[in-house]
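Thanks, everyone; I would like to take a few minutes to walk through one model, beginning with the overall make-up and then turning to a helix and a pocket. Please have the sequence and the structure open while I talk.

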Amino acid sequence: TRIIQTLSAQLMSPFTFPPSFDEVEDMLPLLVATLELVPRSNPRAALAIKSLHLSALDLISTLSVLADSLHMIRQTTSSASRRLKAVKDAIKELKIETELWEAGIKWVEQGNWDQRLSNRQCGNICENLVGGFNEVCEWWEQSIREEFTNFGALELKAV
């Protein structure tokens, strides 16, 4: 087809004079014979190419949907992995706290606190601390009772 285009370009050029009628008559059988040698496309081949094109477009669309789905699945998996790691860490911390709590309970349940406190160097300090705490608690208890009795007396006077 490129050769035919190159040869016909000189004939179709606006800068050349058109061939005379006698020249056209001489070239006509040659042109008809050349046209018969040019291969013609099969309509089935055109339909097959169109079908292949549509199938390729459908495949591209399906692959695009699959790529989007894969991306969403990766994001979901990543989020689930982060949450799973957070839960595992929380369970690990809870297990450590539970073990420490159980060890503390065992230590407290071993009892014999009076002897432990008297044998320790800081036993007196602990007793003073607990005693001071008890004094503060008793003071708060007394204050609350006084407020309650005063409030109750005021309420009775109002009625």
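The secondary structure of the protein chain comes to five helices and zero strands, so that, read from the N terminus on, the elements run α-α-α-α-α. I should say at once that this is a predicted model, and that every value I quote is computed from it. Of the 159 residues in the protein chain, 2% count as buried, while the chain exposes about 15,400 Å², with carbon and sulfur atoms supplying 65% of that area.

Let me turn to helix α3, which covers residues 43-109, and which with its 67 residues reaches 96 Å from its first C-alpha to its last, close to the 99 Å expected at 1.5 Å a residue. At the start of α3, a side-chain oxygen of Asn-42 comes to within 3.1 Å of the backbone nitrogen of Arg-44, and just after α3, Gly-111 adopts a positive phi of about 65°.

Now for the pocket: how much space lies in the largest pocket? The largest pocket holds about 400 Å³, and of the 15 residues that line it, Ile-4, Ser-8, Leu-11, Leu-31 and Thr-34 are the closest to its centre. The elements that give two or more residues to this lining are α1, residues 2-12, and α2, residues 21-37, and it is α2 that gives the most, with seven residues. As for the chemical character of the lining, 13 of its residues are nonpolar and two are polar, with no charged residues.

Terms used. Residues are numbered from 1 along each chain as its sequence is written. This is a predicted model: local features need pLDDT of at least 70, side-chain atom pairs count only at pLDDT 80 or more; totals for chains, interfaces and linings use all residues. Side-chain values use heavy atoms; hydrogens and water are left out. Helices (H or I, at least four residues) and strands (E, at least two) are DSSP runs, numbered from the N terminus. The expected span of a helix is 1.5 Å times one less than its number of residues. A polar contact is a pair of N or O atoms within 3.5 Å; within protein, one must be able to donate a hydrogen and the other to accept it, and residues adjacent in sequence count only if both atoms are side-chain atoms. On a 1 Å grid over the protein atoms alone, a cavity is a set of points where a 1.4 Å probe fits but cannot get out, and a pocket is an open set with protein on both sides within 12 Å along at least five of seven lines; lining residues have an atom within 4 Å of a point. Grid points are joined across faces, edges and corners, and a volume is the space filled by probe spheres set on the points. Ala, Val, Leu, Ile, Met, Phe, Trp, Tyr, Cys and Pro count as nonpolar, Asp, Glu, Lys and Arg as charged, and the others, Gly among them, as polar. Buried means under 20% relative accessible area, exposed over 50%, partly exposed in between (1.4 Å probe, protein chains only). Accessible areas come from the Shrake-Rupley method with a 1.4 Å probe; for residues, only the protein chains shown count as cover.
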